[in-house]
Amino acid sequence: MSIPLLVVDDSNFARKQVIRALPKGWDVEISQAGDGEEAIALIEQGKGDVVLLDLTMPVMDGFAVLEP
């Protein structure tokens, strides 16, 4: 079963670099978000069991995403 992995960064280039750096053969289903609000929506949909999160983003930063 694939693990839902969410990559969150306001830079599309940075997201692509992170995804490219993931080990081949990992059984993950990758989703992407460009800001914290998108990230929270995807997490609520079950697409973020593992989250790689940029802390400095516009709209809602990574620190706000981590707040309870």
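Does V59 count as buried or exposed, and at what relative accessibility? V59 counts as exposed, at 63% relative accessibility. The structure discussed here is a predicted model.

## Loop residue V59

V59 is found in the loop that joins β3 and α3. Although V59 is not a glycine, the residue has a positive phi of about 70°. Its relative accessibility of 63% lies above the 50% cut-off, which is why V59 is classed as exposed.

## Overall architecture

The protein chain contains three helices and three strands. Read from the N terminus, the elements follow the order β-α-β-α-β-α. The radius of gyration is 11 Å, close to the 11 Å that the globule rule gives for 68 residues, so the chain is as compact as a globular protein of that length. Along the principal axes, the C-alpha atoms fill a box of roughly 35 × 25 × 15 Å.

Of the 68 residues in the protein chain, 29% count as buried. The accessible surface comes to about 4500 Å², and carbon and sulfur atoms account for 56% of that surface. When contacts between residues at least 6 apart in sequence are considered, 62% of them join residues at least 24 apart.

## Buried side of helix α2

Helix α2 spans residues 36-44, and its buried residues are G36, A39 and L42. These residues cover an arc of only 120° around the axis, which puts them on the same side of α2. What do the buried residues of α2 pack against? Their packing partners are the strands β1 (3-8) and β2 (28-33), together with helix α3 (62-66).

## D9 in the loop between β1 and α1

D9 lies in the loop between β1 and α1. With a relative accessibility of 16%, D9 falls under the 20% cut-off and therefore counts as buried. Leaving aside neighbours within four places in sequence, D9 is in contact with A14, R15, A33, G34, D54 and M57.

D9 can also be placed relative to A39, one of the buried residues of α2. D9 and A39 are 30 residues apart in sequence, and their C-alpha atoms are 9.3 Å apart in space.

## R15 in helix α1

R15 belongs to helix α1, which covers residues 12-21. Is this arginine, R15, buried or exposed? R15 counts as buried, because its relative accessibility is 12% and the cut-off for a buried residue is under 20%.

Not counting residues up to four places away in sequence, R15 touches V7, D9, D10, Q32, A33 and G34. The contact with D9 thus appears in the contact lists of both residues. R15 and A33 are 18 residues apart along the chain, and a distance of 8.6 Å separates their C-alpha atoms. A33 and G34 are among the residues in contact with D9, and R15 touches A33 and G34 as well.

## Nonpolar surface patch

Which residues make the nonpolar surface patch of about 270 Å²? The patch is made by I3, V18, V50 and L52. L52 lies in strand β3, which runs over residues 50-53. The relative accessible area of L52 is 33%, so this residue is partly exposed. That value also exceeds the 30% cut-off for patch residues, which means that L52 meets the accessibility condition for membership of a patch.

Definitions and conventions:
Residues are numbered from 1 along each chain as its sequence is written. This is a predicted model: local features need pLDDT of at least 70, side-chain atom pairs count only at pLDDT 80 or more; totals for chains, interfaces and linings use all residues. Side-chain values use heavy atoms; hydrogens and water are left out. Patches are made of residues with over 30% relative accessible area and no salt bridge: like charges are joined within 9 Å, nonpolar side chains (Val, Leu, Ile, Met, Phe, Trp, Tyr) within 5 Å. Accessible areas come from the Shrake-Rupley method with a 1.4 Å probe; for residues, only the protein chains shown count as cover. A salt bridge is a side-chain nitrogen of Lys or Arg within 4 Å of a carboxyl oxygen of Asp or Glu. Helices (H or I, at least four residues) and strands (E, at least two) are DSSP runs, numbered from the N terminus. Buried means under 20% relative accessible area, exposed over 50%, partly exposed in between (1.4 Å probe, protein chains only). The radius of gyration is taken over C-alpha atoms; the globule rule is 2.2 Å times the number of residues to the power 0.38. Contact means heavy atoms within 4.5 Å. The arc is that of the directions from the helix axis to the C-beta atoms.
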